[in-house]
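Hi everyone, thanks for coming. I'd like to walk you through one structure today, so have a look at it while I talk.

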Amino acid sequence: MAAPSSYKDRNFLAVIGDEDTVTGLLLAGIGHVTTGANATRNFLVVDPKTEVDKIEKAFDEMTSRKDIGILLINQHVAERIRYKIDMYTAAFPAVLEIPSKDHPYDPEKDSVLKRVKKLFGE
Amino acid sequence: MATQQALDDLQDKLDNLIISYLDLFDEYQSSRTEISRNFSEGFLNLAQANFNAPNRVRYGQDMYDNRMQALRGVHIAVDETDVTAYTLKDLTSPPKATTPEKADLKPPPSTDDANPDPTKEKTSEITTDQGDSDKPDTNSDDAEVALKLANSKTDPLRWFGILRPMTLGTAQKNFVHSLPPIMKLVSTLSDIEYHEKVIRDLRQKVRGMRKELGIKIDDGSDGEPAAMPELDKLTIGGEKSTDETAVDNSLEDEKQREEEVEKALRDE
């Protein structure tokens, strides 16, 4: 069983996605900018010009933060850093792939569906 | 010592686990559908808001408030089997002891009552929907007032000005309503992972027990496709199977017979 210290302070949701997804989720009230000298955000707006390095860095940063419980990431953005997502095995924060405006949810790319297929020998 | 009865019991247990696993998977898919629906409605409303925006402004990252504080968050609870339950948490009513200065900064409740905010209803609806008992222990009335005050002051809609299209508010509602299914989906995922682990362990046990009892049944449960009998006879590249050799031999015999017939004809 996971120690309560590993999750009790994880209060925030974080999002890595395109502008509309981030705007929508910030409208829902999940956006948070920490106060202090080195203010950090719990969101990253990704556009087609955003470099993979930047997405990877944001992913690493958000997954290493101790106050984030769930990291939401657009499925098409996750595809750009697929190896990193597949390698991620930590229990917290949970990483969830969500649809975006231009890229609706694709079951073929869903890691859970892939796992189910594997479990039932398909 | 493994017995047939123990094996049957284990098989039943495995079957039940697979049934509940598939139920969870069904839940997973329905949550996915709900999230997709809320998101697509939200995107559509956001697009309409952008289309109807005065002065052709775009409601996007240029208008975010860099002092934003989260209004909604997540509460995590882990049970003894490591299955994690995620619930939506209202972050606008923190325990009083931790942030006493915030309470002093709040405007009197009357100002808020005079300017009713449409988002208030929605937020209180979300908080009542979650129904979790793990929320910070505050007096329910106080928490409600604090929630309303915080929302009127820190509502993200305010970043986008006063003359914003109504569809922006609708988009906000869509995205707020997508949060509970997100929580449900992540919780289901954790449960699915636990079930997968248990199913794998049980399958291993069943296989061991079958071996012990000398039962050779291939139900394809180990994730490998059942071997096709005709494929077993064939080999790739190396040695030829007995059937193939037999075919080769018969071909050679036929050739020899033909040669003999030809020779006899020539002699005649």
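I'll start with how far to trust the model, then go to the sheet in chain A, and finish with one helix and its partners.

Okay, so first: this is a predicted model. For the complex, the predictor gives an ipTM of 0.92 and a pTM of 0.72. Chain B has a mean pLDDT of 73, and 63% of its residues score at least 70. Where in chain B is confidence highest, and where is it lowest? The high end is helix α1 of chain B, residues 4–51, at 92, and the low end is helix α7 of chain B, residues 229–233, at a mean of 37. There's also a stretch of chain B, residues 97–149, with pLDDT below 50, and in the model it has 53 contacts beyond near neighbours in sequence. Residues 221–245 of chain B stay under 50 too, with 18 contacts beyond four places in sequence. A word of caution here: where pLDDT is low, don't read the predicted coordinates in detail.

Now, chain A. Look for the open sheet of four strands, in the order β2-β1-β3-β4, with parallel pairing. The edge strands are β2 (43–45) and β4 of chain A, and each of them pairs on one side only. From one strand to the next, the twist averages 20°. If you zoom in on β1(A) and β3(A), they pair in the parallel sense over five bridges, and you can find Leu13(A) standing opposite Ile70(A) in β3(A).

What packs on this sheet? Helix α1(A) lies across β1, β2, β3 and β4 of chain A, running at about 160° to β1(A). Helix α2 of chain A, residues 52–64, also packs there, touching β1, β2 and β3 of chain A, and its direction makes about 170° with that of β1(A).

Let's stay with α1(A). Is it mostly buried or exposed? Eight of its nine residues are buried, so α1(A) is largely enclosed by the rest of the structure. Among those buried residues are Asp20(A), Thr21(A) and Val22(A). And what covers them? The cover includes β1, β2, β3 and β4 of chain A, together with α1 and α6 of chain B. Just after the helix comes Gly29(A), with a positive phi near 95°.

That cover brings us to the interface. Here, 37 residues of chain A are in contact with 47 residues of chain B. On the chain A side, the elements giving two or more residues include β1 (12–17), β3 (68–74) and α5 (111–119) of chain A. Which element gives the most? That's α1(A), with eight residues. Sorted by class, this side of chain A has 23 nonpolar, eight polar and six charged residues.

Last stop: α1(A) against helix α6 of chain B, residues 166–213. To describe two packed helices, people use the angle between their axes and the distance between the axes. Here the axes come within 8 Å and cross at roughly 85°, which means α1(A) is roughly perpendicular to α6(B). At the meeting point, Gly24(A), Leu25(A) and Leu27(A) in α1(A) meet Ala171(B), Gln172(B) and Phe175(B) in α6(B). By class, that contact has four nonpolar, two polar and no charged residues.

That's my tour, thanks for listening!

Notes: Residues are numbered from 1 along each chain as its sequence is written. Chains are lettered from A and ligands numbered from 1 in the order in which they are written. This is a predicted model: local features need pLDDT of at least 70, side-chain atom pairs count only at pLDDT 80 or more; totals for chains, interfaces and linings use all residues. pLDDT is the predictor's confidence in each residue, from 0 to 100. Two residues are in contact if their C-beta atoms, placed from the backbone, lie within 7 Å. Ala, Val, Leu, Ile, Met, Phe, Trp, Tyr, Cys and Pro count as nonpolar, Asp, Glu, Lys and Arg as charged, and the others, Gly among them, as polar. Axes are lines fitted to C-alpha atoms, for helices over the stretch in contact, and angles run from 0 to 180 degrees between N-to-C directions. Angles under 35 degrees count as roughly parallel, over 145 as roughly antiparallel, 65 to 115 as roughly perpendicular and the rest as oblique. Two strands pair if DSSP finds at least two bridges between them. A residue is buried if 20 or more other C-beta atoms lie within 10 Å of its own, exposed if 12 or fewer, and partly exposed in between; C-beta atoms are placed from the backbone.
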